[in-house]
Amino acid sequence: MIFETDYKSIQQRIENIDPLKYGKTRNYLNGDVTYLSPFISRGIISTRQIAKAVLAKGYHPSEIESFLKELAWRDYFQQVWIALGDEINEDVKNKQVCNHFLIPKNLVDATTGIEAIDKCINDLYQTGYMHNHARMYVASLACNIAKSHWRLPARWMYYHLLDADWASNALSWQWVAGAFSSKKYYANQENINKYCNTNQSGTILDKSYEELAALDLSSSFDDTINLILDTHLPNQTELKINYQLPTCIYNFYNLDCNWDIDVHANRILLLEPAFFKQYPVCDRTIDFVINLSKNIEGVQLFTGSFDDLLQQVNPSSLHFKEHPTNKHYKGVEHSREWMFENTVGYYPSFFSYWNKASKKNSLWSK
Ligand SMILES: Cc1cc2nc3c(=O)[nH]c(=O)nc-3n(C[C@H](O)[C@H](O)[C@H](O)COP(=O)(O)OP(=O)(O)OC[C@H]3O[C@@H](n4cnc5c(N)ncnc54)[C@H](O)[C@@H]3O)c2cc1C
């Protein structure tokens, strides 16, 4: 899978969505999924933009509910992050019962012995993408079979994903591990074979769900390791700033090339070392961010802290988009685009969020 970064190709991806086929096949590894998450996560397109484009083809929302619901999961998790802040770094609803806070070595090495899972991990290393079902399998294996706490394996996966989004990531891992849900998620070999088109038997997962939940199979994952995850940022080059103009700040979560496009402004992609220390990502993801930023006319790269940047621009005219990781920015905060404008705040479950959001909103009525 190659993720072209020019805006035209991204628009073409949106144009190509077949939401009916999506609803029928999305759980299969070779199903008709959109591969749009790297672009949504990096803030170059929004869930609302995608929903609007698909609905404009004339579908009734009820016909394509499965697709719209998946898009809404993204916004739901972001709303939870806004509401809970750093609390999402801990077990949100239930304490996960686990054996350790490390990661099984055979997961990192892609040698678990489950062919489909090992292939998906190798593909993640090669492409920066993993199918949703595969992410669930990996998380279930790590947390519920190997009995790792979710946090380090989640950070490992996030590190390699082009679509790294800490809300979707941390909360999905917790959902699988039973820390943000009422029960743990298990996948057995039969389920994996069905959705990954494999035919493997005799593995440690070749059991009934009752057996998987009752047996302690963690000894197969006894070899555990810690990980040092570092981000390599590009060196700073000299900025050319027009002091008379406002400055728009872009970052890891906002690469919206259409943002205030008519305004004459300095446009800076800010890569803060402290941010990447807290949320490290691999070289491929940094390259992806830089390539996507080329869609922003006149963008300049700044590697340093927000306070360092303040020394170089006119501090009275700074603009940025709201995000939980931007709390230290100063200037004019612009809101992000949401699929459902009127549904904000913490909802204890996706379904309570969806029920509220899908009842009355401007998307359906247009
Ligand atoms: C353990 C685990 C970790 C995850 N980590 C991330 C992450 O770091 N970043 C990330 O963007 N997503 C994450 N997800 C959610 C989901 O797997 C991806 O968004 C999806 O696989 C992206 O591929 P796609 O764009 O082809 O999705 P599609 O199936 O085509 O879905 C369309 C869009 O709907 C949204 N969406 C679909 N499924 C989900 C979901 N389960 N949760 C949230 N949004 C969803 C995404 O915005 C996606 O782009 C994670 C899921 C799990 C189980």
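**Exercise 1. Strand 3 and its partners**

Two bridges link strand 3 with strand 6, and the two strands run parallel. Work out which strands pair with strand 3, and where Thr-247 fits in.

*Solution.* Before starting, note that this is a predicted model, in which local features need pLDDT of at least 70, side-chain atom pairs count only at pLDDT 80 or more, and totals for chains, interfaces and linings use all residues. Residues are numbered from 1 along each chain as its sequence is written.

- Step 1: settle the terms. Helices (H or I, at least four residues) and strands (E, at least two) are DSSP runs, numbered from the N terminus. Two strands pair if DSSP finds at least two bridges between them.
- Step 2: look at the other neighbour. Strand 3 (residues 247-250) also pairs with strand 4 (residues 266-271), in the parallel sense and over four bridges.
- Step 3: follow Thr-247. Its bridge partner in strand 4 is Asn-266, and in strand 6 its bridge partner is Leu-318.
- Step 4: check the two faces. Thr-247 and Ile-249 on one side and Cys-248 and Tyr-250 on the other are all buried, and both faces of strand 3 are thus covered. Here a residue is buried if 20 or more other C-beta atoms lie within 10 Å of its own, exposed if 12 or fewer, and partly exposed in between, with C-beta atoms placed from the backbone.

**Exercise 2. The whole sheet**

In what order do the five strands of the open sheet stand?

*Solution.*

- Step 1: read off the order. The five strands are arranged 5-4-3-6-7, with parallel pairing.
- Step 2: find the edges. Strand 5 (299-303) and strand 7 (332-334) are the edge strands, each pairing on one side only.
- Step 3: add the twist. From one strand to the next it averages 30 degrees; axes are lines fitted to C-alpha atoms, for helices over the stretch in contact, and angles run from 0 to 180 degrees between N-to-C directions.
- Step 4: visit one edge. Strand 6 (residues 318-321) pairs with strand 7 over three bridges, in the parallel sense. There, His-319 stands opposite Val-332 in strand 7.

**Exercise 3. Two helix pairs**

Classify the packing of helix 8 with helix 10, and of helix 5 with helix 16, as oblique or roughly perpendicular.

*Solution.*

- Step 1: recall the classes. Angles under 35 degrees count as roughly parallel, over 145 as roughly antiparallel, 65 to 115 as roughly perpendicular and the rest as oblique.
- Step 2: take helix 8 and helix 10 (residues 166-177). Their axes are 9 Å apart and the angle is about 60 degrees, so the two helices are oblique to each other.
- Step 3: list the contacts, meaning C-beta atoms, placed from the backbone, that lie within 7 Å. Helix 8 contributes Arg-135, Met-136, Ala-139, Ser-140, Cys-143 and Asn-144, while helix 10 contributes Ser-172, Trp-173, Val-176 and Ala-177.
- Step 4: take helix 5 (residues 65-84) and helix 16 (residues 350-359). Their axes come within 10 Å and cross at roughly 110 degrees, so these helices are roughly perpendicular.
- Step 5: name the residues that meet. Lys-69, Ala-72, Trp-73 and Tyr-76 of helix 5 face Phe-350, Tyr-353, Trp-354 and Ala-357 of helix 16.

**Exercise 4. Core and enclosed helix**

Which residues have the most contacts inside the largest nonpolar core, and what covers helix 9?

*Solution.*

- Step 1: define the core. A nonpolar core is a set of buried Ala, Val, Leu, Ile, Met, Phe, Trp, Tyr and Cys residues joined through C-beta atoms within 7 Å.
- Step 2: find its centre of contacts. The largest core has 94 residues, and Val-138 and Leu-270 have the most contacts inside it. Helix 8 gives the most to this core, with nine residues.
- Step 3: zoom in on Val-138. Setting aside residues up to four places away in sequence, Val-138 touches Ile-117, Cys-120, Ile-121 and Met-157.
- Step 4: move to helix 9. Eight of its 10 residues are buried, so helix 9 is largely enclosed by the rest of the structure. Among the buried ones are Trp-156, Met-157 and Tyr-158.
- Step 5: identify the cover. It includes strand 1 (103-104), helix 6, helix 7, helix 8 and helix 10.

**Exercise 5. Loop residues**

Is Phe-221 buried or exposed?

*Solution.*

- Step 1: locate Phe-221. This residue lies in the loop between helix 12 (209-214) and strand 2 (224-225).
- Step 2: count neighbours. Phe-221 has 23 C-beta neighbours inside 10 Å, so Phe-221 counts as buried.
- Step 3: compare Lys-147, in the loop between helix 8 (132-145) and helix 9 (151-160). With 19 such neighbours inside 10 Å, Lys-147 counts as partly exposed.

Definitions and conventions. Two residues are in contact if their C-beta atoms, placed from the backbone, lie within 7 Å.
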